[in-house]
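Work through the two exercises below with the structure in view. Each task is followed by a solution in steps.

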Amino acid sequence: MMMDDDMENGSLGPFQDRLRTFPNMRSKPYVPLIFRVLMGINVRVLFVLFLLGIGVIFYIGASTSPIIVFVFSVCIITFVFAMYLSKWVLAKDEGPPEMAQISDAIRDGAEGFFRTQYGTISKMACLLALVIFSIYLFRRTTPQQESSGIGRATSAYITVAAFLLGALCSGVAGYVGMWVSVRANVRVSSAARRSAREALQVAVRAGGFSAIVVVGMAVIGIAILYSTFYVWLGVDSPGSMKVTDLPLLLVGYGFGASFVALFAQLGGGIFTKAADVGADLVGKVEQGIPEDDPRNPAVIADLVGDNVGDCAARGADLFESIAAEIISAMILGGTMAQRCKIEDPSGFILFPLVVHSFDLVVSSVGILSIRSTRDSSVKVPIEDPMAILQKGYSVTIVLAVLTFGASTRWLLYTEQAPSAWLNFALCGLVGIITAYVFVWITKYYTDYKYEPVRTLALASSTGHGTNIIAGVSLGLESTALPVLVISMSIVSAYWLGQTSGLVDETGNPTGGLFGTAVATMGMLSTAAYVLTMDMFGPIADNAGGIVEMSQQPESVREITDVLDAVGNTTKATTKGFAIGSAALASFLLFSAYMDEVAAFANEPFKQVDIAIPEVFIGGLLGSMLIFLFSAWACSAVGRTAQEVVNEVRRQFIERPGIMEYKEKPDYGRCVAIVASASLREMIKPGALAIISPLVLGFLFRILGYYTGHPLLGAKVVASMLMFATVSGILMALFLNTAGGAWDNAKKFIETGALGGKGSDTHKAAVTGDTVGDPFKDTAGPSIHVLIKMLATITLVMAPIFL
């Protein structure tokens, strides 16, 4: 394009005369209230309060179990390591003033949206907490709760407290993810002026800080809740609750985390992709200017979206995944230990907490294994960044295998079945292998080094239509291998658990479901490192945008382009990982739901017969829910993007000097449009997800009451959950992979292949990327959060279905 040539030749005017300052979206940076309160306290007083808090935590832990003390110790040590990472990253320079100004604009926009979005979410969470409290005051209680003296009011307070704590921790996890990304992006940009390896290390350590805090908070939050309830309720003392029943009280925590994660993912996904689509359609396609060009009025909104959508939302997402997996595994471990009459069931219940404690340790080692080279004068990447990240992942996996085996021997050994721990260790190995294969499959379908993406790029050479057809077919095909892998892992883990030697009073094997729980733990045993790779993507993307907007030399942009392309692949692979873990976690939550219904109904509930018309209808409605939710999420992006397109076009028409760098675009206007629209648009699909199972279960409960089928409501909801999980996994795989492939096909062409930037092939690839944006960053991630939230909400609300 002529415009690109003019930019490269410098004929748009002297460099120093171009517009290089950028406005702040807010007058001062936003700091959450809790941090403002802490910052206002005297340092010595704060230190004393901190020591007292640590002392109380360890006292409660010591009163519960030595295992809890171990978990607390590991979490606190890794939090100290996270603080080291943050200090290391923040010690890096921010580069020239124009870089810092752009970063400040991004930071202010992101923090402003975060404040408004989470203010809205917190109000909805408080309202839902009141609903939950009201339901629990009038619900039935389980025989175990009645025998231990836990009444309806106590149960209501416990569930609401757990729900609000889960929501709060999920919100903090999201804030931590965004906080580091908006400060690391400019430091990665500055490091790219010196070397590619240093820029990579800064981005990885920034992502590592966020990942360790998110995983650590999930683990320590559940551990504190568990030990507090243990001490407060006098668990295992005469006439009180048994320890095997205690995990059921934690389900509110998982629901709170799921609730916040769903709305964070929806709101952030709509924001980031609406801004991205609007910026690309007018900037790249209509005006022919490069990506992240400072003349594009929507460019700041696009970069803000990377932080609120890919960092804050993803932090809340993985927090929710880990919380749901831990709680469901604790429930299944307690149930199995009770059936097998194991003398000390605490090992089977607390095993998930120990696994994720080791996850923090091995992932920290993996993060530290990525080091910068001493030669900072190198301007181009010597080694493939993806290969470097893969080496760190390999180190993490090897250590995870060793620590997982040690954990099973320590906690899952029992005299009743001396070799059971080995079977469960193999279940964990199945999960770890599943995670690795999932990452590899997603990388194969989304990395432009491999045939699928290159074939998609080639399809762009014959037009926009063939690009769309090829992308859709690639996404559909990509569902096959992951489903086969999930199926094999579930069957293998279940069989290993069944043959572990653990039997109930009647001699029937009972370890199958717990085997699948252990496999899920194995899959998530490297979650902190996987989240590190995920956070790396948006940080690298932002760094590239800052380099482009501040008009740094081409050699610097080449480095950030390589990191950005690798970041696209890591984001896609970690989404594939999240979908796989969601599939296994949902299976566990479904099993836990059936156990809870059986406990409340005081009768067996082991099968769901879809030959019953009402039950089949529940499944059909569950599948429909996934498609309707996806449609609403994508249409929300489309409507918001139309507003952005109209605004960007208006600015180019009314301010013709923008293209010659003579007038400054109104970046704040685009940020405001996207922020208000995304908050408005996230309500409808989110409300659909929450209300649907409640209405369905309650209506069929009434129908079952009059037709003599008291469990009909619970069965219909179980069917809905099963079908929604299956449909949701397939839909999320399709959307995630197709979107990632379209994005990297465009990146491949931008490397100079098939005509390069500005060619007709490139324009067709931009169209495909635009179509894929709401697929991979809004609907796809929201769906796998949705299926886990459906499972947790049915666990919490099970009494109203009976």
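**Exercise 1: Cavities**

There are 7 cavities of 30 Å³ or more. A cavity is a set of points on a 1 Å grid over the protein atoms alone where a 1.4 Å probe fits but cannot get out. The model is predicted: local features need pLDDT of at least 70, side-chain atom pairs count only at pLDDT 80 or more, and totals for chains, interfaces and linings use all residues. Residues are numbered from 1 along each chain as its sequence is written, and side-chain values use heavy atoms, with hydrogens and water left out.

Task: describe the largest cavity and its lining.

Step 1. The volume of the largest cavity is about 130 Å³, counted as the space filled by probe spheres set on the points.

Step 2. Its lining (residues with an atom within 4 Å of a point) has 18 residues, and K273, D276, E291, D541 and D743 are the closest to the centre.

Step 3. Sort the lining: 16 residues are charged (Asp, Glu, Lys and Arg), 1 is nonpolar (Ala, Val, Leu, Ile, Met, Phe, Trp, Tyr, Cys and Pro) and 1 is polar (the others, Gly among them).

Step 4. Helix α10, a DSSP run of H or I with at least four residues, gives the most to this lining, with 4 residues.

**Exercise 2: A helix pair**

Task: state how α9 and α22 are placed.

Step 1. The axes, lines fitted to C-alpha atoms over the stretch in contact, come within 9 Å and cross at roughly 150°.

Step 2. Therefore α9 is roughly antiparallel to α22 (angles over 145 degrees).

Step 3. In contact (heavy atoms within 4.5 Å), F259, L262, F263 and L266 of α9 meet residues of α22 including I683 and P685.

Step 4. The contact residues divide into 9 nonpolar, 1 polar and no charged.

Methods: On a 1 Å grid over the protein atoms alone, a cavity is a set of points where a 1.4 Å probe fits but cannot get out, and a pocket is an open set with protein on both sides within 12 Å along at least five of seven lines; lining residues have an atom within 4 Å of a point. Helices (H or I, at least four residues) and strands (E, at least two) are DSSP runs, numbered from the N terminus. Axes are lines fitted to C-alpha atoms, for helices over the stretch in contact, and angles run from 0 to 180 degrees between N-to-C directions. Angles under 35 degrees count as roughly parallel, over 145 as roughly antiparallel, 65 to 115 as roughly perpendicular and the rest as oblique.
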